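Reader: Could you take me through one part of this model at close range? I would enjoy a connected account rather than a list.

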Amino acid sequence: MNTPNQSGWKPEMTASEDGMHNGPATSTGNRALMLEEPLLFEIGSVETTGVDLPEPAADAANRLGGMDRAQPIGLPGLSEPETVRHYTRLSRQNYGIDLGLFPLGSCTMKHNPRLNEKVARMPGFADVHPLQPADTVRGAFEVINELAEWLISLTGMDAIAMSPKAGAHGELCGILCIRAALEARGDAREVILVPQSAHGTNPATAAFAGYRVEDIPANADGRVDLEALKSRLGPDVAGVMITNPNTCGLFERDMKAISDAVHAAGGFVYCDGANFNAIVGRVRPGDLGIDAMHINLHKTFSTPHGGGGPGSGPVVLSKALMPFGPLPFTARTKDGVVHLVEEENAGEFGHTQAFGRMTAFHGQMGMFTRALTYILSHGADGLKQVAEDAVLNANYILRSMEDLLHTPYADSGPCMHEALFGDQGFGGELSTLDLSKALIDEGYHPMTMYFPLVVHGAMLVEPTETESKAALDQFIQAFRTVAQRAKAGDESMKQAPFYAPRRRLDETLAARKPKLAWSEDAD
Amino acid sequence: MRYLPLTDNDRADMLATIGAASIDDLFVDVPAEAQLDGPIRDLPMHASEMAVERHMRALSKKNLAAADAPFFLGAGAYRHHVPASVDHIIQRGEFLTAYTPYQPEIAQGTLQMLFEFQSQVARLYGCAVANASMYDGSTACWEAVAMAGRVTRRNRAVLSGALHPHYTQVIKTMAKFTKDEIADAQPSIQGAPDADGLIGRIDDQTSCVVVQYPDILGRVSNLQAISDAAHEKGALVITVVTEPVALGAIQAPGDLGADIVVGEGQSIGVGLQFGGPYLGLFAVRDKKHVRQMPGRLCGETVDAEGKRGFVLTLSTREQHIRREKATSNICTNSGLCALAFNVHMTLLGETGLRRLAAENHRLACVAADRLAKVPGVSVLNDSFFNEFTVRLGQDARPIVRTLADRGVLAGVALDRLYPDVAAFADSLLVAVTETTSEDDIEALATALEEVLS
Amino acid sequence: MPRYYTDEHEWIDVEGDSATVGITDYAQEQLGDIVFVELPDVGSMLDKGGDAAVVESVKAASDVYAPITGEVSEGNSGLEDEPGLVNSSPEEDGWFFRMIIGDKDELEGLMDAKGYKTFVDSL
């Protein structure tokens, strides 16, 4: 046992008479370290500034073409101490990985190493402009190329597009490569097949790229129904978008057969790589016949989630799709020098069929430095251990909960890096939402809820490999407690959370009467 | 390994609980032929922090950082001084390691910050509503074109010739697949942009007119005439702002008739970082267009105890609900960069932003006057904010390289952005910010004098 | 005036050549709090069974189909400020739009009140 608890102390909560732990009201509305913080617009002023800048001279040169901004803008400022306090107080109302286990299925909320942050801030990475002459940024090109080579090796593919800015952007890149490849052979097709369990970005991406989306049914053990897929394939199907492991946390055993069938029908296979953490270093998706896969650097490769981004979504490509990858990208010539391949020199590098450009400049360099730092830290052996511990942790949770919660696929074998539960057997009118809000009171961010759509009241739990056994055991204890309450029909769960900085918020009001910006008029 | 807390004892205990003999049993669904028999060959094994840091530092040292040279590059990414507090705040674990605020009760930090962010962007842009950020200015620009198509139900976008060529390329790439028709052009190399030329290209099939402000050559012009012409034909006006600090000195696009304002937020809070991650800004002047906006939106509401709080709202526009009918496929956006923008903007305040803009413009005027004195060099622009175009009379690209070898980062040769246009070969884009000293300006001028003679 | 029902939970009131369309109480209950209704433009032509409107709750968007073919003559502007009318009065004040009937024969295939109740009970 690696964290001996010799004193045996455990936190306890003794209920007060009303079960609510309320003392007298405070004059500030604060509760000790839980501090209420007004909006910037309520505490700042347009005159205040926390930066020392000179006042402009009255007769300063003016070449603004008569477009001077005379009207007030309405942007409040604060001094530096007030600014630090404002944002520090706000930060304390957030849950984060640094605080505790973050069981969001499909998000891979693993520890964000601080070495990544240190490296990203080295001036040679942080303080260089993307359009500097090549000889002044060779090291940057080398970082991009080194990461590219690692990702190609880990996936067993042939090329990679580094520029997509996030997973969904990467999906679009992959689908556009497929479309370009089909058009190049004069075989434009109209349909993309997507499993019902897929993440919403998949059909949204396919539709955005001009395709009609059709569902692929699943079979009883939660995987793509291969026979149904085969019977749907035809000359109008451009390809399929498969997540593997899939969103139920299961490995698609028939992946190679799926790829072979799609290729035989003239289509391409796009793999959503969101769940790569389950197999990294142990399995190469390229060996399963895929044509393109995006990799979420902010999932498998530990770059921080940041409260909603930034992410990074490079896309590995097969030989068939390689010629169509977007610009720009890096390439190493025989003399070992790494170059940036853009519109003006693409011809020299034989890359004349790029489908175009997806973003200004080169991609999420700040995420590349972080991800490469992480990959070098783990190495090939460490990454394999990452996948194994991620899968071990998820199965530990699955088996520790299956006596209590409905586990739609647990009988058919192990899960991969995430465990899927459903709301069958909940008492009263309790729902997955109620269980999740009760879990907040226990000190955890809830798991992914109501996804995938194929399981009623789905709860998808992904602990990741950076959780200790003690952390898993504590989480399981809390999860079991709320699951038991849900099955017993404990109606108080409908009012949860009780102890978070806010109770349940009125999302109906927010949507009916959208208030999306501050205004001075009280309404 | 330092990021893996499980010990071999833990692993054994857990396998026993699961009822598996070894970890391989948990990978039983992976076909044997796809399973690797050990760590991938020819790849390095794990390394200590020290070793990794050494490797990465060596790579970073091969790059010339902007702080180590007189620096004049812009063209859509600008070097400003980011106050020290910003980096400390964005590295707080509660911000850095938080997720998208889908569970609002424990994400009020992120949500309130986003509400403040949206409000500040809207005011800066002269608009009613801004979203919670997009990947960057170029993709935000494409999303605006797509939105204009949805709103007007037309599919012909007219792009100003003086729009950043990367932005133009992104739009043209995406439009290939959505079947939008894109009418682009090249910038005119003259002191003021060719507004009449742009107006002449608008017809009653136009969905939108896309115009950059200040434009790719740094020129500032009055967009009202273009807005009037577009609206008369039923088209929307999309204004693109790649340098938001400019809006501390020049009028807001929303006040000049822009319907959608998009841009790059990188100048405020987010460093150069060799091109990313950056911060896409997206706002609509009239709130009637809100439901057609892409991206996340944060709104105000109350909780069950009547306390004010914030939530993501109008989610039915987004991919996770609307799937193939979503307004965009965007999921992850640029939350931490939005926080950085927020913190920097808070430290500036309106007074600070105006002073910052004034200082940028003052130094740009000093630089323009000094460079105009270099024999053979002329300044093209009638107007500019903190970036202008100079004509060198000789090919700019090799001169930029020569100056870089001498430790001067002289700006962006226009040829780098328009490699096929001979008429642009002698032009150089020069950006000047508050981080540029008068010594830097003198160093650039002197170096040019030497190289051009 | 007669009221008919579809198996997609729309109701349609017929008065001469004109009809009013909305969704049933069963449907609004399934959807939860309605936050927005996207109505068809006046003058647009609808096909029987084709997309007519979209009704949004916080977490979902559902398509509403045209019970019969026809031309939209009016949308319920009250829903703009009060989408909650669909919850509180789905079969009266929460109507969606009015239309000019294209083909009266199409009414044949629709259910009456009794038939709809039987249908809902079977769900």
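Author: Happily, and let me begin with a term: buried area is the accessible area, taken with a 1.4 Å probe, that two parts lose on being put together, summed over both. In this predicted model, the area buried between chain C and chain A is about 530 Å². Carbon and sulfur atoms give 47% of that area. Chain C brings 9 residues to the contact and chain A brings 5 residues. On the chain C side, Asp33(C), Val35(C) and Val58(C) supply 60% of the area that this chain buries against chain A, more than any other three residues. The interface of chain C and chain A has 0 salt bridges, although a search of the whole structure finds 73 over all chains.

One of those salt bridges lies within chain A, where the side chains of Glu342(A) and Arg357(A) meet at 3.8 Å, N to O. Both residues sit in the loop between strand E9 (338-341) and H10 of chain A, so the pair ties together parts that are 15 residues apart in sequence. Glu342(A) is buried, at a relative accessible area of 8%, and Arg357(A) is buried too, at 0%. Chain A also holds a network of salt bridges that links Glu190(A), Arg212(A), Glu214(A), Arg232(A) and Asp236(A).

From that loop we can move on to helix H10 itself. Helix H10 (residues 365-401) of chain A lies across E10 and E12 of chain A, and runs at about 30° to E10(A). These two strands belong to an open sheet of 3 strands in chain A, ordered E10-E12-E11, with antiparallel pairing. Strands E10 (419-421) and E11 (448-449) of chain A stand at the edges with a single partner strand each, so one side of each has no neighbour in the sheet. E10(A) is joined by 3 bridges to strand E12 (residues 459-461) of chain A. Within that pairing, Ala419(A) has Val461(A) in E12(A) as its bridge partner.

Finally, a word on the cysteines. The whole structure has 0 disulfides over all chains. For Cys271(A), the nearest cysteine sulfur belongs to Cys173(A) and is 15 Å away, whereas a disulfide needs the two sulfur atoms within 2.5 Å. Cys271(A) is buried, with a relative accessible area of 3%, and Cys107(A) is likewise buried, at 7%.

Notes. Residues numbered from 1 in each chain as written. Chains lettered and ligands numbered in written order. Predicted model: local features only at pLDDT ≥ 70, side-chain atom pairs only at ≥ 80, totals over all residues. Heavy atoms only, no water. Buried < 20%, exposed > 50% of the residue type's maximum accessible area, 1.4 Å probe, protein only. Pairing = 2+ DSSP bridges. Helix = DSSP H or I, 4+ residues; strand = E, 2+ residues; numbered from the N terminus. Contact = heavy atoms within 4.5 Å. Axes fitted to C-alpha atoms, helices over the stretch in contact; angles between N-to-C directions. Salt bridge = Lys/Arg side-chain N within 4 Å of Asp/Glu carboxyl O.
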